[in-house]
Amino acid sequence: MLALNSMLHSSNLLSMQRLSGIVTVILLGLAAVFPARSGAQERQIPDMPDRPRVPIYDPGQPVMRKVLKNGVRLLVQEQRTSDRVAGVVGLRAGTLYETELESGLSQVLLRTLQAGTAGRTPHEMHLELVAMGADLEASSGPDLGQITIVTTREQTSKAAALLADVVLRPSFPDSSFESARAHYLQKASDEIESPLPATYAIFLRTMYRGSPLERPAHGLVRSLAEARRSDVVAFYKRLFVGGNLTVCFVGNFDGKKLMAQLEKAFQSVPAGAAPSQAGGDPIPLASDTLIVEERAIRAKSLTYGFPAPGVEDPDFPAFLILDSYLRSGDRSPITFWLPERRLATGVGVLYPRYPKRSSMAVYLGATTDNWKAARDTVVAVFSRLKTDPLDDAEWKVHLRRVQNGFFNEQSSPLVRARDLTRYETMGVGADFPQRFETRLLGLKPEDVRDAAARWMTHSVEVALTPPSDGP
């Protein structure tokens with residue numbers, strides 16, 4: 001349904017693997033950074049015609065919806081203009097529903113789930129997918145897990161049967177479990193050892209103290225190291241129950257016929273309620289919080305940010321405007337001008353799409369000589385967002401970018417199926433995109449400024465720095 005909104009799925013967080021690569025650049029290249037020129041200033045933006053924005057959301061054909069006796073929710077939407085079909089099974093899973101001892105199990109579970117079924121070995125599964133011309137994926141974010149299959153319209157019935165078998169009769173091969181556990185154990189280790197991921201992990205631990213979200217989405221090293229296949233199987237039995245499953249198919253097919261097949265396929269799912277959040281809500285910050293730790297590194301890393309609204313909050317559209325402004329690769333005073341002025345490298349913005357409460361943070365690396373200028377620029381930009389509305393030229397650019405980005409892929413069966421699954425699982429309703437667009441187009445620059453002032457009260461600043469006597 002959309003590019004930005006599809007980020008709600010899986011994730012919800014910037015890839016830690018990408019951050020690790022950024023750190024390598026920092027360690028190898030920062031010694032040659034040029035001295036900073038005068039403070040970062042914003043690029044001149046040409047005047048744009050004052051054209052009113054109009055809605056572009058297309059809801060498509062009516063969505064057929066049915067709830068089975070065991071609680072499974074079925075959604076089917078015909079899309080006759082496409083030759084592709086996408087099926088998605090969504091469920092509440094991830095960090096929000098894991099205890100500390102279970103941290104990372106959702107990731108391992110979903111990655112292992114797609115490896116094979118009781119009637120198919122991993123090799124047979126692979127061959128069947130190739131014969132169908134289908135792609136099967138499974139992953140988990142901090143609050144949602146999804147299993148997706150994409151194929152052609154001719155293979156719709158076979159794809160639905162295979163997806164049901166994956167959900168109902170997974171075999172969890174030992175080799176696949178060990179491979180999945182090793183994969184996420186490596187990611188969790190990177191978040192400890194690599195400066196930028198480590199800085200953000202400390203930021204999460206501080207910003208979301210008291211909530212499951214204080215733990216990294218990939219899980220903790222100790223919980224993953226101690227995980228056993230039996231733990232994953234037990235976790236599967238707890239999560240894969242009727243009240244926690246949404247099944248959605250979008251594409252070129254006979255909707256009534258497919259709905260009947262899905263009813264028959266998923267009626268054997270055991271009944272049960274969706275899981276509750278595994279911990280409390282984040283403890284609100286009482287003041288600005290600064291954390292500085294020494295590491296054996298040659299450059300400094302920084303994560304600086306504030307609380308921010310989640311997807312379900314009315315201020316979410318306003319913060320997508322701020323997110324677009326801060327992360328813009330061609331005009332942002334942070335992600336564009338800091339590297340352009342040679343003040344910092346590896347600069348980025350993180351705004352995870354958590355359901356209720358989130359955070360907005362900037363991360364970067366800088367040499368000791370450029371550190372203060374880079375850090376002070378970030379602080380000044382955030383401060384200005386709370387007091388000054390975006391000027392007219394910036395406003396027009398980012399309003400257009402958010403709207404176009406949000407609905408960029410709304411005709412894709414896979415994006416539409418993923419989004420419908422998320423809306424149903426979250427309980428926000430299938431009309432969420434329309435309500436989002438209405439609120440977005442009703443915003444004024446002053447509304448975004450006021451939203452920033454409401455949320456950006458107390459900051460969290462985390463810095464990793466070389467030892468005072470050198471690395």
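Where does Arg-342 lie? In this predicted model, Arg-342 sits in the loop between helix 12 (337-340) and strand 9 (345-350). Its phi is positive, about 60 degrees, although Arg-342 is not a glycine. At 41% relative accessibility, Arg-342 counts as partly exposed, because that label covers values between 20% and 50%.

Phe-172 also has a positive phi without being a glycine, with a value near 45 degrees. You'll find Phe-172 in the loop between helix 5 (156-168) and helix 6. Phe-172 is buried, with a relative accessible area of 4%.

Here are these two loop residues, along with a helix residue we'll get to below:

| Residue | Place | Relative accessible area |
|---|---|---|
| Phe-172 | loop between helix 5 and helix 6 | 4%, buried |
| Arg-342 | loop between helix 12 and strand 9 | 41%, partly exposed |
| Thr-425 | helix 15 | 8%, buried |

On to the helices. Helix 6 (residues 174-193) packs against helix 7 (residues 195-207) at an angle of about 90 degrees, and their axes are 5 Å apart. The two helices are therefore roughly perpendicular to each other. On the helix 6 side, the contact is made by Asp-190, Glu-191, Ile-192 and Glu-193. Helix 7 brings Pro-195, Pro-197, Ala-198 and Ala-201. Sorted by type, the residues of this contact are five nonpolar and three charged, with no polar ones.

Now for Thr-425, which belongs to helix 15 (residues 413-426). Thr-425 is buried, at a relative accessible area of 8%, since anything under 20% counts as buried. What does the side chain of Thr-425 make a polar contact with? The partner is the side chain of Thr-246, at 3.3 Å. Setting aside neighbours within four places in sequence, Thr-425 is in contact with Arg-73, Gly-90, Leu-91, Arg-92, Leu-144 and Thr-246.

Last up is strand 8 (residues 300-309). Ten of its ten residues are buried, so strand 8 is largely enclosed by the rest of the structure. Which strands does it pair with? One is strand 10 (residues 357-366), joined to strand 8 in the antiparallel sense over ten bridges. Another is strand 11 (residues 460-465), which runs antiparallel to strand 8 and is linked to it by five bridges. Thr-303 is a handy residue to look at here: its bridge partner in strand 10 is Tyr-363, and in strand 11 Thr-303 stands opposite Val-462.

Note on methods
Residues are numbered from 1 along each chain as its sequence is written. This is a predicted model: local features need pLDDT of at least 70, side-chain atom pairs count only at pLDDT 80 or more; totals for chains, interfaces and linings use all residues. Side-chain values use heavy atoms; hydrogens and water are left out. Buried means under 20% relative accessible area, exposed over 50%, partly exposed in between (1.4 Å probe, protein chains only). Two strands pair if DSSP finds at least two bridges between them. Axes are lines fitted to C-alpha atoms, for helices over the stretch in contact, and angles run from 0 to 180 degrees between N-to-C directions. Angles under 35 degrees count as roughly parallel, over 145 as roughly antiparallel, 65 to 115 as roughly perpendicular and the rest as oblique. Contact means heavy atoms within 4.5 Å. Ala, Val, Leu, Ile, Met, Phe, Trp, Tyr, Cys and Pro count as nonpolar, Asp, Glu, Lys and Arg as charged, and the others, Gly among them, as polar. A polar contact is a pair of N or O atoms within 3.5 Å; within protein, one must be able to donate a hydrogen and the other to accept it, and residues adjacent in sequence count only if both atoms are side-chain atoms.
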